Amino acid sequence: MEINLKEKMIQYIYAGFPVIYMDTFEEDKVDALIEAISGTLGREVYEWNGTYGYIDFETKAPMIEDCALETMLEQLKEKELLENKIIVLKDIHSYLEDMGVVSKLKGIAKLISQGTEATIIIVSDILVIPRELERYITIVEIDYLNHADIKKIIQNFVSENGLPELEAALLDEFATAFKGLTEFEILNLLALSYAKDGGLGKADLSLIFDQKQQMIKKAGILEMIPLKESMRDIGGLENLKDWLKRKAKVYKNMAKAKEYGVDMPKGVLIAGVPGCGKSLNAKAAANLFEVPLLRLDLGRLMGKYVGESESNMRNAIALAEAISPCVLWIDELEKAFAGIGGDGGGAEVTTRLFGNFLTWMQEKESPAFVVATANDITKLPPELMRKGRFDEIFYVGLPNDKEREKIFQIHIGKRRPQDLPSIGIPELVAKTRGFSGADIEGVIKDAIESAFSDGKDKLETKDILTAISNTNSLMEIMKDSLETMTKFYEKSKFKSASR
């Protein structure tokens, strides 16, 4: 990985790319890389950072006291000072809103484009690209460590600290758990484990999980959802549940499945009527797979700078793959990608995000299982429904009689299990045709609250019937749009989630 990255950087520098933006916080690793590149190319390195200003790249000692970034850039506009240099700029993302700094960077980038042998390398884990510099900047990301790299780091740590060698199975388990963390984070966690109990054991894996939760919180793009719901909480949708159970067998036995020739599952798109269990299935799937549930809010990806939204999308995908195996839940997909193909800056950004997402879905091999939900799939581009994006597309309609019976049993059983045997479920089912699962849950909540307020000892069938009479079903509220959606799903031959 290091050699490939070095070669890529040298190619960019030889080709005269003016500004290389390294999207990472691992400054020590970048410094080692730049040192190797400068040695190969015979170029002198200047560095400026937000803490000390202009410093010696090798010793990190200040060269000029209180040297402002704009002052340094002003001097470098002289071609003879710039020639044969690598200019490393750190901690400057906030300065990229200053038009004076941006203007001087643009001037230097122009000189490089016109033949001056020099390169600017910006190092930051916050991607900010002013529109004025967009055409001069090339983004380079440092990939996450692979399984073999992580194993080597662990083995080196074990050897350096005189610890007994880890068994192969435990070493593999640690390497899988560390996936997605940087070398800095891995070494810190290994040191913490060693300090805690003088060795490395299976119990230390919980520290890694805690660190991954920290990664998600700090990134602010994904949200880790607590796993409360299970398949038992879903009334009906047996086809979808059976399909997810088959995928769960693959996830729980990934090595054996791969050896057998099974492809890694990509994900499922669940479309259909609001309030009928789509989101519940996403949560229950993570519980079934026994993996973390991450929720991607595509609205959070939108940034104010050129390229920021696309960078956020890349970071979200990279983070999901790093945390994997996991379930990545994308709710209300049609809202996230509204405006694709339209005019204007916002629509163009959305179109690019959609393209990035499609490419990832097509090519991904990681165990990040995507559960996307949509209320109205007719608003989504047809490219999303092409074979190879999702493993399957399921349509969720209004619950049938048998499913409504199960939904009543689940919601009464959760809240008043002692009253369930005396409730006339068949009568309730007959009175709730056209009700969604969410409608039924609302009815039960209202009935229980009324019974309590009236001082009743138990919940009775008539309490629920009263609540039903006071509720407008989803079919009544959305009759026309539901009929249109149903015809579209049937015409498209999507698989029904229900039997």
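# Close-up views of a predicted protein chain

The accessible surface of the protein chain comes to about 24,600 Å², and 49% of that surface belongs to carbon and sulfur atoms. The model is predicted.

**Figure 1. The whole chain spans about 90 × 60 × 50 Å along the principal axes of its C-alpha trace.** Its secondary structure consists of 21 helices and 14 strands. Of the 499 residues in the chain, 48% are buried. Among contacts with a separation of 6 or more, 79% are between residues 24 or more positions apart. The chain carries 64 positive and 79 negative side chains, and the centres of these two sets lie 8 Å apart.

**Figure 2. Helix α3 covers residues 69–76 and has buried residues.** Leu69, Met72, Leu73 and Leu76 are the buried residues in this view. Looking down the axis of α3, these buried residues fall within an arc of 95°, so they line one face of the helix. An α-helix has 3.6 residues a turn, so residues three or four places apart point the same way. The cover over the buried residues of α3 includes three strands, β2 (44–49), β3 (53–56) and β5 (85–90). Helices α4 (79–82) and α5 (99–113) are also among the elements that cover them.

**Figure 3. Glutamate 47 and lysine 90 meet in a salt bridge through their side chains.** The N to O distance is 3.3 Å. Glutamate 47 belongs to strand β2 and lysine 90 to strand β5, so the pair ties together parts that are 43 residues apart in sequence. Both partners are under the 20% limit for a buried residue: glutamate 47 has a relative accessible area of 1%, and lysine 90 has a relative accessibility of 2%.

**Figure 4. Arginine 415 forms a salt bridge with glutamate 441.** Their closest N and O atoms are 3.2 Å apart. Arginine 415 lies in helix α16 (residues 401–415) and glutamate 441 in helix α18 (residues 437–453), so this pair ties together parts that are 26 residues apart in sequence. Arginine 415 is partly exposed, with a relative accessible area of 30%. Glutamate 441 is also partly exposed, at 25%.

**Figure 5. Glutamate 460 and lysine 462 form a salt bridge, and a network joins further charged residues.** The side chains of glutamate 460 and lysine 462 meet at 3.8 Å, N to O. Glutamate 460 is partly exposed at 31% relative accessibility, whereas lysine 462 is exposed at 53%. Salt bridges that share partners join Glu27, Asp31, Glu47, Lys60 and Lys90 into one network. The count for the model comes to 25 salt bridges.

**Figure 6. Lysine 266 is buried yet has no salt bridge.** Where does lysine 266 sit? Its place is in the loop between helix α11 (254–260) and strand β9 (267–272). Which side chain of opposite charge is nearest to lysine 266? That side chain is aspartate 391, 6.5 Å away. A salt bridge needs the nitrogen and the carboxyl oxygen within 4 Å, so a pair at a greater distance is not counted. Leaving aside neighbours within four places in sequence, lysine 266 is in contact with residues including Met361, Gln362, Glu363 and Lys364. Ala368, Phe369 and Val370 are also among its contacts, as are Gly388, Arg389 and Asp391.

Technical notes
Residues numbered from 1 in each chain as written. Predicted model: local features only at pLDDT ≥ 70, side-chain atom pairs only at ≥ 80, totals over all residues. Heavy atoms only, no water. Helix = DSSP H or I, 4+ residues; strand = E, 2+ residues; numbered from the N terminus. Buried < 20%, exposed > 50% of the residue type's maximum accessible area, 1.4 Å probe, protein only. Lys, Arg positive; Asp, Glu negative; His and termini not counted. Contact = heavy atoms within 4.5 Å. Areas by Shrake-Rupley, 256 points an atom, 1.4 Å probe, with all protein chains shown as cover. Charge placed at Lys NZ, Arg CZ, Asp CG, Glu CD. Arc of directions from axis to C-beta.
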